[in-house]
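The exercises below are meant to be worked with the sequence and the structure side by side. Try each task before reading its solution.

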Amino acid sequence: MSERFRVVGGARLHGSVTVVGAKNSALKLMAGALLAVGRTRLTNVPGIVDVTIMAELLRRLGAAVDWDPATGVVEIDVPERIGHRADYQLVRALRASICVLGPLVARVGEADVAVPGGDAIGSRGLDLHAEGLEALGAKVHVAHGYLIAAAPQGLHGADIRLEFPSVGATENVLMAAVLAPGHTRIDNAAREPEIVDIAAFLVAMGAQVTGAGTSTIEIEGVEALRPTEHTVVPDRVAAGSWAFAAATTGGDVEVVGGIAAHLQLALDLLSGAGASVTTTESGFRVVGAPYRPRSIDVATLPYPGFPTDLQPFAITYDAVADGSAMVTENLFEARFRTVQELARLGADARIDGHHVMVHGVPQLSGAPVEASDIRAGAALVLAGLVADGVTTVSGAHHVDRGYDQFELQMQALGAEVTREPDDELYG
Ligand code: UD1
């Protein structure tokens, strides 16, 4: 039975919300555990569906996985011999499964990973993943919907320049190179905090990695890694979405566990438009402007630029802000599905190529809408809070992939958001 969120408009979010570890790091760390024989322990793992799917993927590769969403602890026990195939059934449910590619090639010398579908947010190539692994000595081809990589003679260090600082490609190359004899240099590497987190994890396992967080990562391959214990970096996208939620509703929210430095640009934009942003002992606090907030122009870019995952929140904010603004998406095509749904709520937003021109209106008007992915879904719930009357957001399962009990977090901040069965025609 599919579910939807029921949102009653008019709430100003007030109180504190806790962010736990980043989904986009936890999933990669789980895959990285395959690099060492023995028991790796991850803490601060978010209690979300994607982690359950990754746990299942690792089990099918032969690992024993204990996952307790209540405590946020995942323990992964990796045997000497592991499998090398990630089936379409799992990969289609979790696009991030592609991150087992690098660890498997490094550990087993081969990997068959189904080519992912995943979030409905435009086409996402795997060419940079493949080119990087080929430079390390693997042969890569696609057959019958699988990306097949094999390195029967083993891998070796290499100089790799990524054409684009792809997060996923950087991670796969990094996780393969740590066990590739010799020196690897990744130029134009992604600089996201999740990359820094994975590198710290690998170093704790005995890998030799320097430069993570800059555009050049250098790796000296080692013979073997040992299991370790690691705490997942806080989720900057979840933290950023609460910052936008506070600013959009004129609320006052402390984001416990949030790291302001990982959201510098987004927080600067919000404070420049009227919000007050301060760091606190345990995170940061955003107090919305006492007047209608001013609109902000946003262009998404790789880190430290404005995160594409926060773009739906920026559009929602601009939809009710004072003034007109341009939101530009530079990372993914067609990641504007929120716009059509916001238009159903009365937003004045027009798509032109990879830009959206948004003219703020004082208030939206509640209506049924549909989530197309995690962030779009959460942004639409936020839109419902600044709409009059009731908004329903179908596709709650998308939001569950990124937020642990989103409606409870919203309720704790004073919002009337509940979950209910969806009365869709064909359910
Ligand atoms: C990760 C995040 C996602 C976030 C994105 C950008 C995870 C699970 N997901 O996705 O939430 O929105 O970073 O911050 O961590 N590209 C290619 N060829 C490649 C690889 C990528 O052309 O081989 C293109 C993609 O089509 C896309 C762009 O590069 O247009 C960015 O992709 P990438 O940085 O790889 O993002 P993901 O790792 O997929």
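Helices (H or I, at least four residues) and strands (E, at least two) are DSSP runs, numbered from the N terminus. The model is a predicted one.

**Exercise 1.** Locate Ser166 relative to the neighbouring elements, and decide whether Ser166 is buried or exposed.

*Solution.* Begin with the place in the chain: Ser166 sits in the loop that runs between β10 (159–161) and α6 (167–177). Next, take the cut-off, by which a residue is buried when its relative accessible area is under 20%. Ser166 has a relative accessibility of 14%, and therefore counts as buried. Then look for contacts, leaving aside neighbours within four places in sequence: Ser166 is in contact with Leu128, His129 and Ala190. Finally, for a sense of scale, Ser166 and Arg350 are separated by 184 residues in sequence, and their C-alpha atoms are 28 Å apart in space.

**Exercise 2.** Describe the aromatic pairs that involve Phe244, and state which parts of the chain they link.

*Solution.* The structure holds 5 aromatic pairs. In one of them, Phe244 and Phe306 lie 6.1 Å apart, centre to centre, with 80° between the planes, an edge-to-face arrangement. Phe244 belongs to helix α8 (residues 236–249), whereas Phe306 is in the loop between β18 (298–299) and α10 (311–320), so that this pair links distant parts of the chain, 62 residues apart. Both Phe244 and Phe306 are buried. Turning to Tyr317, its ring centre is 6.0 Å from that of Phe244 and the planes stand at 85°, so this pair is edge-to-face. Because Phe244 lies in helix α8 and Tyr317 in helix α10, the pair ties together parts that are 73 residues apart in sequence. Both Phe244 and Tyr317 are buried. Elsewhere in the ring inventory, Phe5, Trp242, Tyr403 and Phe406 are linked by ring pairs into a cluster.

**Exercise 3.** Judge whether the radius of gyration of the chain agrees or disagrees with that of a compact globule, and set the overall features beside that result.

*Solution.* For 427 residues, a compact globule would have a radius of gyration near 22 Å, and the chain, at 21 Å, agrees with this. The C-alpha trace spans about 65 × 40 × 40 Å along its principal axes. As to content, the chain has 14 helices and 26 strands, and 58% of its 427 residues count as buried. Lastly, consider contacts between residues at least 6 apart in sequence: 74% of them join residues at least 24 apart.

Notes. Residues numbered from 1 in each chain as written. Predicted model: local features only at pLDDT ≥ 70, side-chain atom pairs only at ≥ 80, totals over all residues. Heavy atoms only, no water. Rg over C-alpha atoms; globule rule 2.2 N^0.38 Å. Buried < 20%, exposed > 50% of the residue type's maximum accessible area, 1.4 Å probe, protein only. Contact = heavy atoms within 4.5 Å. Phe/Tyr/Trp six-rings, centres within 6.5 Å; stacked < 30°, edge-to-face > 60°.
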